Amino acid sequence: MILAVLGLIAFASCNDFNRMVKSTDNEMKYEVAMDFYERGDYNHALQLFDLLQASFRNTPKGEAITYRTAQCYYWQGEYEIASYYYNRFVQMYPFSKDAEKAAFMSAYCSYMLSPESGLDQTNTHDAIKQLRSFMDRYPESDSLSRAEYLLTDLNNKLEEKDYNMCRLFYRMENYSAAITSFENMLKKYPNTTHREEILYQMAKTYYDFAENSITEKQRERFESCVEHCNTLSYLYPNSKYLQDVNGIAAKARKRLEKLQ
């Protein structure tokens with residue numbers, strides 16, 4: 001029997017794969033598919049796995065097929081499809097020994113689909129949701145620290161996107177939107193590594209906002225400028241922005257004197 005299987009494997013993997021696809025011997029087809037998988041021939045393995053899904057559903061072989069289908073897509077770099085099949089595996093075989101790994105891999109594939117910070121972050125939000133779900137479901141998992149690292153990386157990406165959007169408002173001279181965005185960012189990310197830069201940007205923004213405001217609004221905005229300069233100087237006495245900030249504060253105070 002073993003020799004027959006090996007013979008059919010060699011036969012199927014060389015010149016007559018189509019005959020194997022059309023075969024009604026699902027047991028033999030399963031053995032050949034697993035051999036393709038073990039040898040890293042994921043394309044041929046997938047073709048046979050797809051044909052066998054229905055025949056072995058809710059059986060040990062069906063479990064193996066579903067998990068390895070996800071693996072095939074993962075190793076081929078098809079992360080969106082792989083994530084779908086990993087998630088499908090968890091739903092179909094929640095008590096499998098591979099369910100935890102599949103849940104993590106589904107989230108990891110979504111992580112791999114997360115684009116650079118300047119692009120739409122829909123996939124990033126989806127990956128964050130999946131990672132949090134994994135961490136809640138498997139709090140004792142060996143993959144927990146890795147999931148936490150991935151989650152931090154994704155949150156940093158969202159933070160970077162928000163920061164760049166704040167700066168974009170300033171470059172567009174939309175000072176009101178820039179100030180609101182900077183303030184919201186400090187609330188949303190209280191531990192942001194950009195706090196020093198944000199305070200500096202807010203000082204500049206308030207100064208330019210005041211300069212471009214009607215007289216009735218200038219005092220309040222120049223005062224806010226000085227306030228943010230003072231806050232930065234207090235919190236970051238060795239800031240690389242200190243010289244610029246002191247210059248901005250001095251100009252704002254002179255403008256305030258003229259407004260008296």
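A charge is said to sit over an aromatic ring if NZ of Lys or CZ of Arg is within 6 Å of the ring centre and within 35 degrees of the ring normal. This tour of a predicted model opens with that arrangement.

**First stop: charges over rings**

Select Phe209 together with Arg221. Arg221 is placed over the face of the Phe209 ring, at 3.9 Å from the ring centre. Next, select Tyr207 and Lys251. Here the charged end of Lys251 is found over the ring of Tyr207, 4.9 Å from the centre of that ring.

**Second stop: aromatic pairs**

Colour the aromatic side chains. The structure contains 19 aromatic pairs. One of them joins Phe134 and Tyr138: the ring centres are 5.4 Å apart and the planes meet at 40 degrees, so this pair is classed as tilted. Phe134 and Tyr138 are both buried. Now move to Tyr170 and Tyr175, which form a tilted pair with 5.9 Å from centre to centre and 55 degrees between the planes. Tyr170 and Tyr175 are buried as well.

Return to Phe134 and Tyr138 and extend the selection. Together with Tyr74, Trp75, Tyr79, Phe104, Tyr108 and Tyr111, they make up one aromatic cluster.

**Third stop: the largest pocket**

Keep Phe134 and Tyr138 selected, for both also line the largest pocket. Add the other lining residues: Asn87, Val90, Gln91, Ala103, Ser106, Ala107, Gln130, Ser133 and Arg137. Three elements each give two or more residues to this lining, namely helix H6 (79-92), helix H7 (99-113) and helix H8 (122-137). Which of the elements gives the most to the lining? It is H8, with 4 residues. By character, the lining comprises 5 nonpolar, 5 polar and 1 charged residue. The space in the largest pocket is about 170 Å³.

**Last stop: the cysteines**

Finally, select Cys166, Cys225 and Cys229. How many disulfides does a search of the whole structure find? The search finds 0. A disulfide is a covalent bond between the sulfur atoms of two cysteines. To count as one here, the two sulfur atoms must lie within 2.5 Å.

Why does Cys225 not bond to Cys229? The sulfur of Cys229 is the closest cysteine sulfur to that of Cys225, but the separation is 4.3 Å, which is too far for a bond. For Cys166, the closest cysteine sulfur belongs to Cys225 and is 17 Å away, again too far for a bond. Cys166 is buried, with a relative accessibility of 2%. Cys225 is likewise buried, at a relative accessible area of 0%.

Notes:
Residues are numbered from 1 along each chain as its sequence is written. This is a predicted model: local features need pLDDT of at least 70, side-chain atom pairs count only at pLDDT 80 or more; totals for chains, interfaces and linings use all residues. Side-chain values use heavy atoms; hydrogens and water are left out. Buried means under 20% relative accessible area, exposed over 50%, partly exposed in between (1.4 Å probe, protein chains only). Rings of Phe, Tyr and Trp (its six-membered ring) pair if their centres lie within 6.5 Å; planes under 30 degrees apart count as stacked, over 60 as edge-to-face and the rest as tilted. On a 1 Å grid over the protein atoms alone, a cavity is a set of points where a 1.4 Å probe fits but cannot get out, and a pocket is an open set with protein on both sides within 12 Å along at least five of seven lines; lining residues have an atom within 4 Å of a point. Grid points are joined across faces, edges and corners, and a volume is the space filled by probe spheres set on the points. Ala, Val, Leu, Ile, Met, Phe, Trp, Tyr, Cys and Pro count as nonpolar, Asp, Glu, Lys and Arg as charged, and the others, Gly among them, as polar.
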